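Reader: Hi! Could you walk me through this one before I start clicking around?
Author: Happy to, here it is.

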Amino acid sequence: MTVFADDGRHRVALLVRAGLLPIEVGIVHRLFGQARAGERPLYEVVTCTLEPGAVRTDADFTVNVEHGLEALAAADTIIVSSSDEDYGPQPGGPLQGPLADAFAAIEPGTRVASICSGAFVLAAAGLLDGRPATTHWQSADDLQTLYPRVRVDPNVLYTESGHVLTSAGVASGIDLCLHMIRRDHGAAVANEVARGTIVAPHREGGQAQYIPRPVPQPTVSSTGAARAWAQENLHRPLTLRQLAARESMSVRTFTRRFREEVGISPGQWLTQQRIERARQLLEETDLPIDRVAEDAGFGSAGSLRQHLQAALGVSPSGYRYTFRGSRDHGHSSPAADGLPR
């Protein structure tokens with residue numbers, strides 16, 4: 001039986017197990033299902049499991065899954081969701097039985113990702129050996145103990161190492177899916193998906209997944225106004241003192257409040273916003289690299305190259321070529337600005 005349609009769409013196989021969390025299934029289908037180029041869907045998502053049929057959830061209903069593990073070998077991207085059975089004692093060790101055989105049949109280079117405790121499956125398959133990985137912070141110690149070759153980071157939303165990605169708790173699965181869509185088709189497509197789903201379009205993977213500090217009370221002044229002002233003025237040099245002044249706070253108070261509300265420092269956040277602005281301009285305009293750097297607030301093409309290379313591993317010309325290609329008339333080839341891709 002053919003699992004995927006032969007229509008050129010990117011094929012996503014979502015692997016679920018007994019005790020699945022329905023919200024994770026919905027996240028994957030909804031986000032990838034909303035990604036479009038005009039009216040053309042960009043992804044086809046197929047759900048699969050070890051034994052097709054009714055699969056138990058962590059709620060009071062089952063989910064009927066038609067496809068078996070054969071879907072994994074045919075997929076371009078595989079996403080492993082979590083199971084409530086992951087929250088108990090884990091046996092550790094390598095994958096066994098049909099699941100081990102199915103992972104062994106996956107084409108080399110296939111993108112493989114996990115949501116929450118799905119990381120235990122990737123670890124058991126050996127895919128996380130020597131790689132950074134994350135899972136829900138409550139399960140991070142168990143993952144590290146059972147699979148000591150994995151570089152577990154319990155303090156981030158998601159990780160990416162080559163073709164292998166992991167995410168923390170359920171909500172960070174949204175961030176991970178949007179990140180993959182952004183990687184495949186650019187910020188404009190990912191932002192449109194986010195708008196349609198009413199979620200934040202982008203949170204960096206390195207953002208903290210859990211901050212054990214009290215949430216500021218609604219009556220306390222927020223840093224939101226300063227952030228909104230900064231986003232409207234990214235082309236200008238912006239200082240921490242200027243941002244603090246927008247909220248009538250001292251620099252020290254503003255910095256502390258900012259970290260409480262956003263999870264990263266004002267400087268890190270500002271760099272992220274500048275990178276996102278540059279990506280948008282590279283994807284959607286024909287502006288020269290120098291002008292993109294100026295409008296995004298990096299000041300020079302050299303600074304933009306340095307930051308984009310550090311964040312994405314690609315030069316500005318390479319990034320533009322990825323999303324505009326031959327449509328980007330009059331621009332250089334990916335390596336024309338002298339940086340490796």
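Reader: Let me start somewhere specific: where is Ser161 found?
Author: Ser161 sits in strand β11. Helices (H or I, at least four residues) and strands (E, at least two) are DSSP runs, numbered from the N terminus. Before we go on, this is a predicted model, so local features need pLDDT of at least 70 and side-chain atom pairs count only at pLDDT 80 or more, while totals for chains, interfaces and linings use all residues. Residues are numbered from 1 along each chain as its sequence is written, and side-chain values use heavy atoms, with hydrogens and water left out.

Reader: Thanks. Is Ser161 buried or exposed?
Author: Ser161 is buried, with a relative accessible area of 17%. Buried means under 20% relative accessible area, exposed over 50%, and partly exposed in between (1.4 Å probe, protein chains only).

Reader: And what is Ser161 in contact with?
Author: Leaving aside neighbours within four places in sequence, Ser161 is in contact with Arg131 and Pro132. Contact means heavy atoms within 4.5 Å.

Reader: How does β11 pair with β12?
Author: They are antiparallel, over 4 bridges. Two strands pair if DSSP finds at least two bridges between them. Glu160 stands opposite Leu165 in β12. The two strands form a hairpin with 2 residues between them, and Gly162 in the turn has a positive phi of about 65 degrees.

Reader: What is the order of the strands in the sheet?
Author: The order is β4-β1-β7-β8-β12-β11, 6 strands in an open sheet with mixed pairing. β4 (43-48) and β11 (158-161) stand at the edges with a single partner strand each, so one side of each has no neighbour in the sheet. From one strand to the next, the twist averages 15 degrees.

Reader: Which helix packs on the sheet?
Author: That's α6 (residues 172-185), which touches β1, β4, β7, β8, β11 and β12. The direction of α6 makes about 150 degrees with that of β12. Axes here are lines fitted to C-alpha atoms, for helices over the stretch in contact, and angles run from 0 to 180 degrees between N-to-C directions.

Reader: Any residue in α6 worth a click?
Author: Try His179, which is in α6. His179 is buried, with a relative accessible area of 10%. Not counting residues up to four places away in sequence, His179 touches Tyr158, Glu160 and Leu165. Glu160 and Leu165 are the pair that stand opposite each other in the hairpin strands.

Reader: Nice link. Now the middle of the sheet: which strands join β7 and β8?
Author: β7 (residues 77-80) and β8 pair with each other in the parallel sense over 4 bridges, and Ile79 has Ala113 as its bridge partner in β8. On another side of the story, β1 (residues 10-15) runs parallel to β7 and is joined to β7 by 4 bridges, with Leu15 partnered by Val80. β8 is also parallel to β12 (residues 164-167), through 3 bridges, and Ser114 has Thr166 as its partner there.

Reader: What kind of unit do β7, α3 and β8 make?
Author: A right-handed β-α-β unit, with α3 covering residues 97-104. Right-handed means that, with the strands pointing away from the viewer, the path from the first strand over the helix to the second runs clockwise.

Reader: Which residues of β8 are buried on each side?
Author: Arg111 and Ala113 are buried on one side, and Val112 and Ser114 on the other, so both faces of β8 (residues 111-114) are covered.

Reader: Switching to backbone oddities: what is the phi of Cys116?
Author: Near 55 degrees, a positive value in a residue other than glycine. Most residues other than glycine have a negative phi. Cys116 is in the loop between β8 and α4 (119-124), and counts as buried at 2% relative accessibility.

Reader: And Ser248, buried or exposed?
Author: Ser248 counts as exposed, at 70% relative accessibility. Ser248 lies in the loop between α9 (240-246) and α10 (251-262) and has a positive phi of about 55 degrees.

Reader: Last one: how many helices and strands does the protein chain have?
Author: There are 14 helices and 12 strands, and buried residues make up 47% of the 341 residues.
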